Amino acid sequence: MVTISSIVEIGVGLVGFGMFFLLFGVLLYMDSVLLAFGNILFLCGLAVIIGLRRTFGFFFQKEKLKGTSFFLGGIIIVLLRWPLLGMLLETYGFINLFRSFFPIAFGFLGSLVNISVLNKVMKSWGDPVRNRIIVK
């Protein structure tokens, strides 16, 4: 049995509330206050869950600086009350930052529930022979 400390529980709650406020802000036609509050809660929760050092280590890796700059720049743009542009920048940065986690998440979802579309995507990503580019 895995025990979870109360600090990590608080971090999960912060991330959950952050995602809720982000979703609610998008549903209310890009309400900049809700989006900003959701972004702040999400980042604070992430820092509480994995720690400040590991959070900075994740965001400021050399190969992830482009995604980090777009993600954090999008948060700043949302805080300056340009929510549509900020969320577009955040989305692009989020996809660049967490690109390596998507196959793992799709694999988990595909094994959890037999979803044929995800199984086809995972088979095409996971087969190194199909993904190899042959130059003649």
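**A tour of the aromatic rings**

Start by selecting Phe-24, which sits in helix α1 (residues 6-27). Keep in mind that you're looking at a predicted model. With a relative accessibility of 36%, Phe-24 counts as partly exposed. Now add Phe-17, Phe-20 and Leu-28 to the selection and switch on a surface: together with Phe-24, they make a nonpolar surface patch of about 410 Å².

Next, turn to the ring pairs. How many aromatic pairs are there? The count comes to 11. Zoom in on Phe-58 and Phe-59 for one of them: the ring centres are 5.4 Å apart and the planes sit at 75°, so this pair is edge-to-face. That follows because planes over 60 degrees apart count as edge-to-face. Buried or exposed, these two, Phe-58 and Phe-59? Both are buried.

Hop over to Phe-70 and Tyr-92 for another edge-to-face pair, with 4.8 Å from centre to centre and 80° between the planes. Colour by helix here: Phe-70 belongs to helix α4 (residues 65-79) and Tyr-92 to helix α5 (residues 83-97), so the contact ties together parts that are 22 residues apart in sequence. Check the surface at this stop too. Phe-70 is partly exposed at 29% relative accessible area, and Tyr-92 is also partly exposed, at 37%.

For the last stop, go back to Phe-58 and Phe-59 and add Phe-71, Phe-94, Phe-98 and Phe-101. Show these six side chains as sticks: ring pairs link Phe-58, Phe-59, Phe-71, Phe-94, Phe-98 and Phe-101 into a cluster.

Terms used:
Residues numbered from 1 in each chain as written. Predicted model: local features only at pLDDT ≥ 70, side-chain atom pairs only at ≥ 80, totals over all residues. Heavy atoms only, no water. Phe/Tyr/Trp six-rings, centres within 6.5 Å; stacked < 30°, edge-to-face > 60°. Buried < 20%, exposed > 50% of the residue type's maximum accessible area, 1.4 Å probe, protein only. Helix = DSSP H or I, 4+ residues; strand = E, 2+ residues; numbered from the N terminus. Patch = residues over 30% accessible without salt bridge, like charges linked within 9 Å, V, L, I, M, F, W, Y side chains within 5 Å. Areas by Shrake-Rupley, 256 points an atom, 1.4 Å probe, with all protein chains shown as cover. Salt bridge = Lys/Arg side-chain N within 4 Å of Asp/Glu carboxyl O.
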